[in-house]
Each structure stands twice: as structure tokens, then as C-alpha cells.
Amino acid sequence: TVRTAFPVFTQMRQHPRGLHILFFAEMWERFSYYGMRSILIFYLTQHFLFSDSFAGSQYGAYTSLVYLLPLIGGILADRYLGTKKSVAFGALLLVAGHVLMAAEGEPAVQTMTVAGTEYRFEVEGRAGDRRIFLPVEETRCELNAKSGSTSTCTITPNAAGDLVFTGLPASATLPATIARADYTFGIANRNPLFVGIFYLALSLIIVGVGFLKSNISSMVGQLYPQGDPRRDPGYTLYYYGINLGSFWASALCGLLGQTVGWWAGFGLAGVGMMFGWIVFTRQRLAFWSPGTKPLTENVGNPPETEKLAAKAGFGL
């Protein structure tokens, strides 16, 4: 039934069995990468309350390094480690990075100071469902309320930057309109410890992708002898796994990040990568698979196996 519904699995039977391992490992690697990336900007701007421009620069630096580091990872693999050990090491770094990403801590809080009095905004929901409220005495006023909102009090900035309150009780201490020069915004409760953990996690993910991405692709080509006509179709099947992981990552990690919590979206990406690492290091698709012979035994080995065996021993 599975083979009928997914012809790709039928086609893979005509290729070296090691392709199954690389297919699943890369599928989960792309799942973790695109899953984390789908909620990264929201996490930076809504959890840490970084500005849009700063969050965009961090996102751009991250994606740039993800595409640059495979150059270094490929050189180290070709000269010293071999592609197989590099992929295993990279996958392990990715798992560690995504686990750390799930340690989000308490969210930062937006504050507004008017005439020496500090007011703290309250947030409900994440991503597109996010709603921001400003408690004023016994009333909660919603900032930039969307159409269909049931809030009795709303706050709307006008073109000049003034805050216009609608539905604010007459007894409230705040005026119905606050001029831009009369208030200042600030950030409270942004924990530097968790900001540091975030950057450490991002660094591990970048280095992990650097070791894994280019090397696992080269292993696909090494599965086939020179001139084998199955090599090009093999890469086509391999990229099918990339697209499959990317599609489900954006849907599932984004959904969990928005509805459950940022930790859940990042955590699911980490679970996916953990599964990919297990599949690759065990060299089988199930724990109950018979035999212990690695399916990629003859590919991806270090150039000097005896000399480097102790440097990166992942049991492969």
C-alpha cells in the first residue's frame, strides 16, 4: 500500500540501499532547518522584542553563514575526516543546537512611560494570532485591534505617531490622546542569559549544517560506480527527500510554534534531526533491521583511515 501511494519508494528499490539512509537523513536535516527558519523572525521580534531591522539582519547573517560554512566543512571532510564522519558530527551539532533553541525563557516585555509612570503591555498568542493589550486601571486596551475584535477599548497610532484611545473610561488616568512627544517605549525582562543561549544554539546549527550539507550530497554520488546511469535519477530521488522535509517542516513547526509555543516548534525540529542522526549512524531504517553491515560502508571514509580513526570515532 505504501509503495503504491508513494512511487518514489518503488523507484528507490532500483538504487543502492545506502540511498535510503541518505534520503531519510537529509529529509530530517531539511525538516529541522526549514522548521526552525519558519518561525525564527517571529521568535526574534515577538519573544525577544528585537526591532524588525535587527531581526532581519540576524536572519540574513544566519542564512548567509549556513550557505558559506559547507565550503569549510567540505574541505575538512576531503582532507581529514571523510564525508561519513563529517555528516555524523554535523547532525549531532544540529541536534544540540535545536535542543538549545527550545530553551526560550520568559518573553521580553514592552513598556510605555507616560509622565513618569511605566505601563507594561500584555501579549496573547504568537505570530499572526498575536494580540497586544495595555492595562489601564481596570480596562485592557488593545493596540492595533484587527477587524472583528471584541475589545471595548482600542489604541490606534495616527500618522503623527500619537496614540488615540477609543473606549477609554472617563475616569482613566491616561488621556484619550497621547502625543508622540509625551510617551517613550522601552523593553523590560529581556534575559541576557537566554539571548546568549540563542546565539550559541544558532552557532551550533550553522557549524552543523556546514559539516553535513555538502558532504551528505557528495556521498550520494559515491554510492554509484563511474558511468552508472542510475546516478542522476538517484539525485532526483534524493532531492525529493529534501523537498518532502522542507514542506512538512514549514507546516508542522510553524503550526506548533504559533499554537503551542516557540519551544514546541524548535523542539520538533530537534526531534526530527535526532531521528535523522539515529538513522544515519545506525545505517538502517529501523531498529529491528537484521544485520549490522553499514549500508554506506564503502563510501565517505577518511583519506587515511588508520591515522584518523581516533580523531572522530562515531562508530561508522
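Mentor: Before we begin, axes are lines fitted to C-alpha atoms, for helices over the stretch in contact, and angles run from 0 to 180 degrees between N-to-C directions. This is a predicted model, in which local features need pLDDT of at least 70, side-chain atom pairs count only at pLDDT 80 or more, and totals for chains, interfaces and linings use all residues. Residues are numbered from 1 along each chain as its sequence is written, and side-chain values use heavy atoms, with hydrogens and water left out.

Trainee: At what angle do α6 and α7 pack?

Mentor: Helix α6 (residues 192-222) packs on helix α7 (residues 231-259) at about 145°, and their axes are 9 Å apart. Helices here are DSSP runs of H or I with at least four residues, numbered from the N terminus.

Trainee: Which residues of α6 and α7 meet?

Mentor: K213, I216, S217, S218, V220 and G221 of α6 meet R231, Y235, Y238 and I242 of α7, where contact means heavy atoms within 4.5 Å.

Trainee: How do α3 and α6 pack?

Mentor: Helix α3 (residues 18-47) and α6 pack at about 150°, with axes 11 Å apart. That makes α3 roughly antiparallel to α6, a term for angles over 145 degrees. Their contact includes L22 and M36 of α3 and F198 and L212 of α6.

Trainee: Changing topic, how many residues has α8?

Mentor: Helix α8 (residues 262-282) has 21 residues and reaches 30 Å from its first C-alpha to its last.

Trainee: Which residues of α8 are buried?

Mentor: Among them are W262, F266, M273 and F280; buried means under 20% relative accessible area (1.4 Å probe, protein chains only).

Trainee: And what covers the buried residues of α8?

Mentor: The cover includes α3, α5 (83-101), α6 and α7.

Technical notes:
Helix = DSSP H or I, 4+ residues; strand = E, 2+ residues; numbered from the N terminus. Parallel < 35°, antiparallel > 145°, perpendicular 65-115°, else oblique. Expected span 1.5 Å × (residues − 1). Buried < 20%, exposed > 50% of the residue type's maximum accessible area, 1.4 Å probe, protein only.
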